[in-house]
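Please look over the sequence and the structure shown here before reading on. The report that follows takes up a helix, a barrel and a contact between chains in turn.

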Amino acid sequence: MRNFFKSTRFKILLAFIVFLVGVMVYSVTKGGYAVSFESMINTVSKPFRTVSNVVGIKIENSVDRLARANDIYEENQNLKKQVSDLNEQLSEYDLLKTECEELRQLIGIKQAHPDYTTSRFCKVIGYTANDPFMSFTINVGTDDGIKPYLPVATSEGLVGITVEVSEHTSTVRTVLSPDLSVAVKSKSSDDDSGIIEGTISSAGEGLTNLMHLRTDNTLKKNQLLVTDGTSGLFPKGYPVGRVKKVGMDSNGLSAYAEVTPCSDIKNLTSVFVITNFDGKKEDKK
Amino acid sequence: MRLKTTRELRILYIKTALRWLLYYIIIFFGFVFMTSGTWLKPIILIPIALRISINNNMYASAVTGAVCGFLIDTACEKLFGYNAIILTVFCIAVSLIFEFFLRNKFVSFWIVSAVLSYIQCWLDYTFYYKIWNYQNAELIFNNYSLRVWAYTVISSVFVWLLLKIINHFLMPKKHFSIEETIKHSEQQNH
């Protein structure tokens with residue numbers, strides 16, 4: 001051991017340590033600036049460190065993801081459940097909003113026509129397959145107080161009449177059908193009156209026809225037509241449609257008009273049935 | 001020659017029950033399809049009923065025709081029983097024709113299906129529009145009846161394929177019972 005301390009090897013090592021201490025002391029005296037050697041190392045290694053750092057972080061993340069797979073899966077499941085709950089709430093909200101809107105419309109109708117007794121808003125279950133006149137089925141029937149030949153409407157206007165009623169469903173014949181005649185008049189003039197009846201050619205375009213008009217009528221485009229109420233089947237003064245075009249019949253004795261129904265009959269989702277109103281024709285016992 | 005054992009008999013019953021269950025599930029979905037949406041749709045229950053009738057006796061065909069007819073009446077809001085009568089007659093006729101005159105081939109089915117669905121469309125047009133003298137009644141035939149007929153003929157291709165798959169797996173093959181086998185052997189020996 002004593003020989004080692006006296007040896008040249010020890011002296012060299014000691015000199016090296018002293019050198020390192022010297023370097024350290026020197027770097028302390030630089031006041032925060034790196035020494036030249038350190039700068040050179042940094043400069044040379046910078047691109048490699050950058051790349052290796054990116055790769056390292058990716059590997060760490062991957063390993064971390066694998067290690068935390070269960071946690072992430074659970075978190076994902078929780079989030080999915082939350083999304084599902086929120087969607088459910090949103091759907092309920094939409095339903096309530098629709099219901100609220102429908103009730104608001106019904107209140108409006110009741111205020112405008114206090115004599116009406118109406119059903120709740122009922123859903124259109126489906127349109128009759130391949131029917132050119134767009135008859136459809138609704139989800140109310142005799143159990144809800146519905147009878148045959150009651151007017152069916154939306155808040156925009158008259159849609160048609162119930163024709164076949166079962167316990168829970170009813171079939172509605174629309175104003176596009178040639179089998180339904182509705183006496184109407186212009187809202188602005190009692191003299192301009194006629195019968196609304198669908199035709200095969202107009203039903204395809206979602207239109208109906210106003211017939212038996214006086215030749216000297218004063219109907220104009222977009223004029224509103226309302227029910228006359230004389231038949232006792234329909235309430236008086238309910239909107240039916242707007243005039244699209246007025247023309248003369250081929251016989252020259254009367255005029256006709258093409259009418260756009262107030263309700264979009266091809267895209268109905270809910271309607272209501274007017275079960276009673278002033279002037280209603282009583283059922284035959 | 002295969003013998004009809006008790007086990008095979010049980011399998012035959014199960015297969016037959018399953019086959020008819022699938023037939024009626026298809027009929028039900030055909031009905032649901034016909035009642036959905038506002039577009040013109042094929043009367044898909046016609047080819048279904050006809051295709052079922054090809055492989056079955058006339059009693060089963062008649063019942064199937066009636067069921068499909070009632071469903072068409074409901075879907076199309078026709079007089080309840082109107083299409084049931086038409087389809088029952090069609091199905092019995094098809095069952096007999098394919099038993100005695102025609103082979104169970106796609107082309108035969110397709111032609112028969114096209115002819116009978118055309119007759120159904122024509123009867124529908126005649127009884128529901130033409131005889132009531134609606135103005136421009138022919139428009140109904142050109143714009144609705146013919147289009148529905150064309151869709152029905154096209155849909156019959158898919159119906160054929162679907163029921164062919166079911167029949168391939170579940171239609172019973174010809175078997176002989178032990179008694180029939182003995183009798184057959186004796187006849188051959190003589």
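How many residues does helix α2 of chain A have, and what distance does it reach from its first C-alpha to its last?

## Confidence of the model

The structure is a predicted model, and its overall scores are an ipTM of 0.73 and a pTM of 0.69. For chain B the mean pLDDT is 87, with 95% of the residues of that chain at 70 or more.

## Helix α2 of chain A

To return to the opening question, helix α2 of chain A covers residues 8-29, which makes 22 residues, and the distance from its first C-alpha to its last is 31 Å, close to the 32 Å expected at 1.5 Å a residue.

Where does this helix stand with respect to burial, largely in the open or buried? The number of buried residues among the 22 of α2(A) is zero, so the helix lies largely in the open; a residue would count as buried here if 20 or more other C-beta atoms lay within 10 Å of its own.

## The barrel of chain A

Chain A holds a closed barrel of six strands, which runs in the order β7-β8-β9-β12-β11-β10 with antiparallel pairing. From one strand to the next, the twist averages 40°.

Strand β10 (residues 224-227) of chain A can be followed through its pairing with two other strands of the barrel. With strand β7 (residues 181-186) of chain A it pairs in the antiparallel sense over three bridges, and within this pairing V184(A) stands opposite T227(A), while S186(A) stands opposite L225(A). With strand β11 (residues 239-248) of chain A, β10(A) likewise pairs in the antiparallel sense over three bridges, and there L224(A) stands opposite R242(A). As a general point, side chains in a regular strand alternate between the two faces of the sheet.

## The contact between chains A and B

The contact between the two chains draws 18 residues from chain B and 15 residues from chain A. On the side of chain B that touches chain A, the elements that give two or more residues are α3 (58-76) and α6 (137-170) of chain B, and α6(B) gives the most, with six residues.

Which classes of residue make up this side of chain B? Sorted by class, the side of chain B that touches chain A has 10 nonpolar residues, six polar residues and two charged residues.

Notes:
Residues are numbered from 1 along each chain as its sequence is written. Chains are lettered from A and ligands numbered from 1 in the order in which they are written. This is a predicted model: local features need pLDDT of at least 70, side-chain atom pairs count only at pLDDT 80 or more; totals for chains, interfaces and linings use all residues. pLDDT is the predictor's confidence in each residue, from 0 to 100. Helices (H or I, at least four residues) and strands (E, at least two) are DSSP runs, numbered from the N terminus. The expected span of a helix is 1.5 Å times one less than its number of residues. A residue is buried if 20 or more other C-beta atoms lie within 10 Å of its own, exposed if 12 or fewer, and partly exposed in between; C-beta atoms are placed from the backbone. Two residues are in contact if their C-beta atoms, placed from the backbone, lie within 7 Å. Ala, Val, Leu, Ile, Met, Phe, Trp, Tyr, Cys and Pro count as nonpolar, Asp, Glu, Lys and Arg as charged, and the others, Gly among them, as polar. Two strands pair if DSSP finds at least two bridges between them. Axes are lines fitted to C-alpha atoms, for helices over the stretch in contact, and angles run from 0 to 180 degrees between N-to-C directions.
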